[in-house]
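Trainee: I am new to this structure and would be grateful for a close look at a single part of it. Please choose one place where two elements meet and describe it in full.

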Amino acid sequence: MTFNDTPSGSASSRAIRSPFVPEGPVLCAQAIIDRSGAANLIVLLRVRMGFPAESFALAARPLIDGYAEFVQLRPMPGSSRYGGPGGQLQRGLVTALRALDHRRGQILPRNAPPEILGALAHRWTYAVFAAALLRNVGGRPSDDSVRMFERWVPPIVQAWLAEHPPLMAELRAVLVGRAHASSAIAELVERAATGARPHAEVAVPCAQSESIACTAEASVETAPIAPKADGPEFLDGVDAAAAERPRRFMEWVRQGIADGTLPVNVRGALVHGVEDGLLLVSPGIFRGFIRREGAGQAEPGDAAKRLQREVLRAGWHLRADGGVNLHGYAWKQDGRAVARIHGIVILSPGRFFDPVPAINPALVRVGDSAPAAE
């Protein structure tokens with residue numbers, strides 16, 4: 001079933017009582033989002049989920065809007081980070097962003113045969129998003145969280161999720177606070193909210209290392225939602241409106257691949273298909289764009305570094321353990337490494353490129369390079 005199918009059921013109409021007594025007029029979702037400055041977080045959520053804009057609007061936005069209208073502009077009491085108007089909405093969205101960032105490194109459902117992983121991947125992504133957003137609405141997990149889910153998530157999406165009963169069973173258990181210790185959703189949400197370490201037994205291969213952009217701080221209450229000059233950058237809080245030049249850069253890469261001015265998957269190329277996405281060789285690819293913009297050969301080298309930093313802040317790339325953004329690859333020929341390259345890896349390149357370049361079989365990932373341009 002897809003989001004375009006007709007549902008067979010309907011959402012619950014049970015009333016949900018808010019624990020808050022409004023001090024002023026009740027605002028609509030968009031007004032709350034605008035006043036709380038949460039619009040950019042919602043843009044980042046769509047990027048993290050990897051949903052097309054129309055699917056995100058149909059599936060995720062109603063849940064976000066319902067949550068926003070429930071919490072209104074309430075702050076988080078006692079929180080220095082989220083103590084202002086809209087603080088509870090901001091914290092919920094940031095927790096969801098963190099959970100999705102952790103989800104990148106997980107193969108879900110666990111132990112599923114490869115042939116069904118692709119069909120279920122987006123459903124598990126949605127379940128992680130929903131569980132994280134609703135984690136503490138109303139103060140704690142409870143049956144109210146399930147009722148909120150049933151009321152705010154469109155029936156067609158509920159039916160889509162219900163086609164995989166184990167997923168729905170696990171999601172409901174997380175929402176009411178009775179998840180099994182082995183629950184992947186519960187673990188991801190808990191890590192997002194508290195900064196907890198993952199269980200050793202569910203570690204994933206290096207080639208699928210999770211992004212840990214959100215673990216620089218110990219908890220949601222203290223985690224920054226903007227970069228700090230003296231510490232690792234919290235990419236979930238980057239202003240998506242500042243991604244104009246990175247988007248021009250990605251369009252330049254797309255056009256270069258299409259017209260052949262940027263060779264792909266050959267020795268010396270700046271673009272390679274890899275298992276995790278699309279490898280953009282650094283610093284060459286960024287220097288190429290700077291020259292194309294008209295800066296000329298004499299442009300200082302730090303201009304390319306600034307561009308790379310802007311692209312990293314857009315949050316489209318693979319970020320591995322230790323805050324690593326640059327990834328190293330060996331070019332293997334006749335069983336031996338004849339060259340090494342490194343660069344950033346764009347995740348889900350289908351968002352930018354159609355068709356997506358094939359994987360270069362000559363490249364083998366050999367380890368992570370450096371934090372890069374932080």
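Mentor: What follows is an account of one helix pair, set first within the chain as a whole. Please bear in mind that the model is predicted. The secondary structure of the chain consists of 13 helices and five strands. Of its 374 residues, 49% count as buried. Among contacts in the chain with a separation of 6 or more, 72% are made by residues 24 or more positions apart. The accessible surface amounts to about 17,100 Å², and carbon and sulfur atoms hold 52% of that surface.

The part chosen is the meeting of helix 12, residues 284-292, with helix 13, residues 302-313. Two packed helices are described by the angle between their axes and the distance between the axes. Here the axes come within 9 Å and cross at roughly 110 degrees. Angles of 65 to 115 degrees count as roughly perpendicular, and helix 12 and helix 13 are therefore roughly perpendicular to each other.

On the side of helix 12, the contact is formed by Phe286, Arg287, Phe289 and Ile290. These meet Ala303, Ala304, Leu307, Gln308 and Val311 in helix 13. By character, the residues of this contact divide into seven nonpolar, one polar and one charged.

One further residue of helix 13 deserves attention, namely Arg309. Arg309 has a relative accessibility of 26% and so counts as partly exposed, since that class lies between the limits of 20% and 50%. Its C-alpha atom is separated by 9.4 Å from that of Pro246, although the two residues are 63 residues apart along the chain.

Methods: Residues numbered from 1 in each chain as written. Predicted model: local features only at pLDDT ≥ 70, side-chain atom pairs only at ≥ 80, totals over all residues. Heavy atoms only, no water. Axes fitted to C-alpha atoms, helices over the stretch in contact; angles between N-to-C directions. Helix = DSSP H or I, 4+ residues; strand = E, 2+ residues; numbered from the N terminus. Parallel < 35°, antiparallel > 145°, perpendicular 65-115°, else oblique. Contact = heavy atoms within 4.5 Å. Nonpolar A, V, L, I, M, F, W, Y, C, P; charged D, E, K, R; others polar. Buried < 20%, exposed > 50% of the residue type's maximum accessible area, 1.4 Å probe, protein only. Areas by Shrake-Rupley, 256 points an atom, 1.4 Å probe, with all protein chains shown as cover.
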